[in-house]
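Visitor: Please choose one part of this model and take me through it closely. Then show me what else is worth a look.

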Amino acid sequence: MASSSTTKTIAFMGASGGIGLGALTRALGAGHKCIALCRTPSKLADKFPSDKYPNLRVVQGNAHDSAAVAQCLVDGTTPVDGTTPVDVVVSTIGGVLKLSCMTLDDPHVCEKGMAALLEAVSLARRQHPLTARQWRPRINVVSTCGISPAARDVPILFVPMYKLMLRVPHADKIAMESLLTNGAGDRNRGYTYSIVRPSFLVDEPQPQREIRVGLGDAPAVGYVISRDDAGRWIYENLLDGGKAGEEGRRYENMIATITW
Ligand SMILES: NC(=O)c1ccc[n+]([C@@H]2O[C@H](COP(=O)([O-])OP(=O)(O)OC[C@H]3O[C@@H](n4cnc5c(N)ncnc54)[C@H](OP(=O)(O)O)[C@@H]3O)[C@@H](O)[C@H]2O)c1
């Protein structure tokens with residue numbers, strides 16, 4: 001079901017900045033139909049004016065509100081059996097780190113976002129039964145390295161910082177991943193997923209640098225990657241028609257660590 005050509009319909013949660021913005025920018029540039037949930041729509045409307053980007057629909061709302069998220073999972077503007085469900089969801093939401101007390105402004109931001117997203121998938125199915133039977137969206141979510149129980153996935157110098165200072169955001173990411181992977185085991189849920197765990201994020205893009213990728217229990221260990229380059233990697237490997245089609249299947253129901 002969903003879009004039949006190489007043009008995809010993609011829902012974004014958390015694309016007003018950082019990694020999400022990097023992925024959204026490229027998806028819009030390639031002509032994909034994008035629906036972005038945003039607490040402050042002007043953040044996206046200013047960057048992507050509607051006359052230049054008719055392929056973007058911005059929905060005002062909170063990623064913890066399943067009804068708002070569900071509005072982004074169906075593109076009501078191009079009817080196919082009444083509605084067109086999205087092919088792919090990209091969630092890059094995250095909280096603001098409060099280093100002074102080693103916590104986040106919302107310590108459960110990602111866990112709550114994933115609970116709402118999975119509820120929204122069920123809601124969209126119930127609301128649009130004609131498209132529900134074959135709908136199997138891919139949910140791509142950004143998590144973090146430093147939480148792998150299988151192997152050390154950060155350089156040894158970073159271990160104290162990751163263990164001590166990032167305990168709260170890491171617990172949140174573990175809870176988020178658990179909801180996603182447990183839900184995928186339920187046949188009635190009907191989605192596939194990819195979890196992307198970037199190394200420490202920096203702002204300065206370096207598109208010429210190689211991005212190393214590790215899968216599952218064999219993570220790529222590195223210090224940093226930029227937000228924009230991580231967004232580019234997600235676009236090229238999980239969203240774009242070419243690589244994300246054939247080659248991208250290697251990331252289906254997998255965890256990928258990415259780093260320079
Ligand atoms: N910092 C690191 O070194 C590091 C390393 C690995 C992984 N990560 C994780 O990678 C992810 C992406 O990081 P980033 O730096 O690209 O993120 P970012 O620039 O902080 O952007 C976060 C996005 O999430 C949105 N958001 C947060 N809560 C929301 C809510 N309840 N409803 C709707 N939108 C919400 C924000 O929207 P607003 O514009 O409305 O605020 C913003 O668009 C995060 O989960 C982060 O924790 C970080």
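**Helix α7 and its surroundings**

Guide: The buried residues of α7 pack against five elements: β7 (97-98), β8 (103-104), α4 (109-127), β9 (138-142) and β10 (192-198). Contact here means C-beta atoms, placed from the backbone, within 7 Å. Helices (H or I, at least four residues) and strands (E, at least two) are DSSP runs, numbered from the N terminus. The model is predicted: local features need pLDDT of at least 70, side-chain atom pairs count only at pLDDT 80 or more, and totals for chains, interfaces and linings use all residues. Residue numbers start from 1 along each chain as its sequence is written.

Start with length. Helix α7 runs over residues 167-184, 18 residues in total, and at 1.5 Å a residue it should span 26 Å; its end C-alpha atoms are 26 Å apart, which agrees. (The expected span is 1.5 Å times one less than the number of residues.)

Now look at what is covered. Pro-169, Asp-172, Lys-173, Met-176, Glu-177, Leu-180 and Gly-183 are the buried residues of α7. (Buried means 20 or more other C-beta atoms within 10 Å of a residue's own; exposed means 12 or fewer; partly exposed is in between.) Down the axis of α7, these buried residues fall within an arc of 140°, so they line one face. (The arc is that of the directions from the helix axis to the C-beta atoms.) An α-helix has 3.6 residues a turn, so residues three or four places apart point the same way. Arg-167, Ser-178 and Asn-182 sit on the other side of α7, exposed.

Compare α8 (residues 227-239). It has 13 residues and reaches 17 Å from first C-alpha to last, close to the 18 Å expected. Eleven of the 13 residues in α8 are buried, so to speak mostly covered. Among them are Trp-233, Ile-234 and Tyr-235.

Ile-234 leads to the core. The largest nonpolar core has 59 residues, and Ile-234 is one of those with the most contacts inside it, along with Phe-12, Ala-36, Val-69, Leu-73 and Leu-117. (Such a core joins buried Ala, Val, Leu, Ile, Met, Phe, Trp, Tyr and Cys residues through C-beta atoms within 7 Å.) Helix α4 gives this core its largest share, nine residues. Another core, of five residues, lies apart from it, and includes Val-154, Phe-158, Tyr-162 and Leu-166.

Helix α4 also supplies at least two residues of the shell around the ligand, as do α1 (18-29) and β11 (200-202). The most come from α1, with three residues.

Note on methods:
Contact = placed C-beta atoms within 7 Å.
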